[in-house]
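User: I'd like to practise reading ligand sites in a model. Can you walk me through how you'd go about it?

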Amino acid sequence: MSKPVKAAVFGTGSWGTAFGMVLADAGCEVVLWARRAGLVDAVNSTRTNPDYLPGVELPRNLRATTDPAEAARDADFAVLAVPSQTLRGNLAEWAPLLAPGTVVVSLMKGIELGSAMRMSEVVQDVAGIGAERIAVVTGPNLAREIAARMPAAAVVACTDEAVARRLQAACHTPYFRPYTNTDVVGCELGGAVKNVIGLAVGIADGMGLGDNAKGSLITRGLAETTRLGAALGADPLTFSGLAGLGDLVATCSSPLSRNHTFGTNLGKGMTLEETIAVTRQTAEGVKSCESVLDLARRHGVDMPITETVVDIVHEGKPPVVALKELMSRSAKPERR
Ligand SMILES: NC(=O)c1ccc[n+]([C@@H]2O[C@H](COP(=O)([O-])OP(=O)(O)OC[C@H]3O[C@@H](n4cnc5c(N)ncnc54)[C@H](O)[C@@H]3O)[C@@H](O)[C@H]2O)c1
Ligand SMILES: O=P(O)(O)OC[C@H](O)CO
C-alpha cells in the first residue's frame with residue numbers, strides 16, 4: 001500500500017481548517033499548524049475548531065500542532081492560510097523547515113502592501129523556491145459552505161501542470177471539484193481583486209442601490225480586473241472562469257463573505273472603526289484595495305472601482321459622494 005499524501009496547513013482559521021477538511025476527506029494525512037495551544041487542544045481533543053468553524057466535526061485524519069517543524073516534517077504539500085499581510089514574516093520562520101520536494105500552496109487572496117507582490121511572488125522571494133514548486137488554490141470557496149460539504153468547484157494553479165494535477169488529486173472529493181490551470185498570475189489576481197469588488201458591492205448593498213447596481217459593479221469590476229491581468233501577462237480568459245467570475249458571484253451575493261459584509265456595514269453608515277470592531281475574521285480587501293491600486297498605477301492601468309473603494313475605506317470619502325463621482329466619469333466604449 002502506498003503512503004498517504006501528507007499535507008501541512010499553516011493557519012487554523014476558517015479557510016485553513018475547511019481546506020484541511022477537504023484534503024483529509026480526499027485521503028491525505030493532515031496536520032494543521034496553529035499559533036495558540038488552546039486551539040490546538042480543542043482541535044485534537046474535541047475534533048472541532050470552536051473559534052472559526054463551531055459545530056463542524058473534523059475528520060479523524062486531521063490533527064493540530066503549535067510546532068511548525070512537526071507540521072512541515074515529510075509534507076508533500078505545505079498549505080499557507082494566514083492573512084496576506086503577515087505571510088512574509090510567517091514564512092521567514094517556516095521556509096527553513098520545508099523539505100526540498102515540498103510543494104508550497106497558497107490559499108491567500110491578497111496583494112502585499114508596499115511591494116505590490118502577489119502571494120506566490122512573496123513565497124518565491126522569502127523561500128527562494130522556483131515557480132514550479134508553488135501552487136495556488138482559488139475560486140468560489142466560502143469556507144463555511146465547504147466545511148458543510150456543500151458542492152463547489154475550484155482552481156488549482158501552478159506553472160508546472162504536473163504539480164497542479166498532483167494537488168488536484170490530493171484535494172478532489174465528492175463535494176470539492178478542482179480544475180487545473182497554469183495561469184498563476186490570473187488566478188491570483190482574480191482572487192485578490194474580487195475581494196475589493198466584494199467590498200464595493202457590499203457598500204452598494206448597504207446603501208440600498210439595488211441589483212442593477214450590483215450587476216454593473218460585478219461586470220465593470222471584472223473589466224478592470226481583466227485590464228490589470230492583461231497588463232501583467234495573465235490570460236484574459238482566466239477571469240471568466242472560477243477564479244474570476246465564479247468567485248465574484250459567490251462573494252458578491254453571500255452574507256458569509258467577510259468582504260461583502262464589511263462593505264455592507266460601511267454602506268449602511270458605520271464608520272471604519274465600528275466596522276473593523278465587528279469584523280472577527282480576515283477581510284483581505286480592506287488592506288489589499290490599496291496594494292491593488294498601487295499595482296495598477298505601477299502598470300498604468302485604470303481601476304476606477306478599486307480607486308473608489310480606497311477613497312471610501314481609507315480616505316473617509318462618504319459613499320454617496322464616491323457614487324456620484326463614479327457615475328459622472330466621462331462616457332466610454334464598453335471595451336477599449
Ligand atoms: N474564509 C474563506 O471563506 C476563504 C476562502 C478562500 C480564501 N480565503 C483566503 O484565505 C486566507 C486566510 O483566510 P481565513 O478565512 O482563513 O482567515 P481567518 O481570519 O479565518 O484565519 C486567519 C488565520 O491566520 C492566523 N493569523 C492571524 N494573524 C497571524 C499572524 N500574524 N501570524 C500567524 N498567523 C496569523 C489566525 O490566527 C487564523 O488562524 C485569506 O487570504 C482569505 O482571503 C478565505
Ligand atoms: O469571506 P471572504 O470575503 O474573504 O470570501 C471568501 C472566499 O474568498 C470566497 O471564495
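Analyst: Sure. Keep in mind that this is a predicted model. A handy place to start is the secondary structure around a ligand: helix H1, residues 14-25, gives the most to the shell around ligand 1, with three residues.

User: Which residues are closest to ligand 1, and how many surround it?

Analyst: For a shell, take the residues with a heavy atom within 4 Å of the molecule. Here 23 residues surround ligand 1, and the closest are Ser 14, Trp 15, Ala 143, Thr 282 and Glu 284. Sorted by character, the shell has nine nonpolar, 10 polar and four charged residues.

User: How do I read polar contacts, and what does the backbone of Ser 14 do?

Analyst: Look for pairs of N or O atoms within 3.5 Å. A polar backbone atom of Ser 14 sits 2.9 Å from an oxygen atom of ligand 1. For Trp 15, a backbone N or O atom is 3.0 Å from an oxygen atom of that ligand, and for Thr 12 the distance from a polar backbone atom to a ligand 1 oxygen is 3.4 Å. As for cover, ligand 1 taken alone exposes 820 Å², and the protein buries 87% of that.

User: Why does ligand 1 lie between domain 1 and domain 2?

Analyst: Check which domains feed the shell. Domain 1 (6-182) and domain 2 (192-327) both give residues to the shell around ligand 1, so the ligand lies between them. The space ligand 1 takes is the largest pocket.

User: On to ligand 2, then. Where do its shell residues come from?

Analyst: Same approach. Each of domain 1 (6-182) and domain 2 (192-327) supplies at least three residues to the shell around ligand 2. Among the residues around ligand 2 are Lys 109, Pro 140, Lys 194, Thr 251 and Arg 258. By character, that shell splits into three nonpolar, five polar and four charged.

User: Which atoms of Asn 141, Asp 247 and Asn 259 approach ligand 2, backbone or side chain?

Analyst: It pays to separate the two kinds of contact. Asn 141 uses a polar backbone atom, 2.9 Å from an oxygen atom of ligand 2. Asp 247 brings a polar side-chain atom to 2.6 Å from a ligand 2 oxygen, and an N or O atom in the side chain of Asn 259 is 2.8 Å from an oxygen of ligand 2. On its own, ligand 2 has 300 Å² of accessible area, and the protein covers 92% of it.

User: Which elements give two or more residues to the shell around ligand 2?

Analyst: Those are helix H10 (242-253) and helix H11 (258-267).

Conventions
Residues are numbered from 1 along each chain as its sequence is written. Chains are lettered from A and ligands numbered from 1 in the order in which they are written. This is a predicted model: local features need pLDDT of at least 70, side-chain atom pairs count only at pLDDT 80 or more; totals for chains, interfaces and linings use all residues. Side-chain values use heavy atoms; hydrogens and water are left out. A polar contact is a pair of N or O atoms within 3.5 Å; within protein, one must be able to donate a hydrogen and the other to accept it, and residues adjacent in sequence count only if both atoms are side-chain atoms. Accessible areas come from the Shrake-Rupley method with a 1.4 Å probe; for residues, only the protein chains shown count as cover. On a 1 Å grid over the protein atoms alone, a cavity is a set of points where a 1.4 Å probe fits but cannot get out, and a pocket is an open set with protein on both sides within 12 Å along at least five of seven lines; lining residues have an atom within 4 Å of a point. A molecule sits in a cavity or pocket if more than half of its atoms lie within 2 Å of its grid points. Helices (H or I, at least four residues) and strands (E, at least two) are DSSP runs, numbered from the N terminus. Ala, Val, Leu, Ile, Met, Phe, Trp, Tyr, Cys and Pro count as nonpolar, Asp, Glu, Lys and Arg as charged, and the others, Gly among them, as polar. Domain bounds come from an automatic or database domain assignment.
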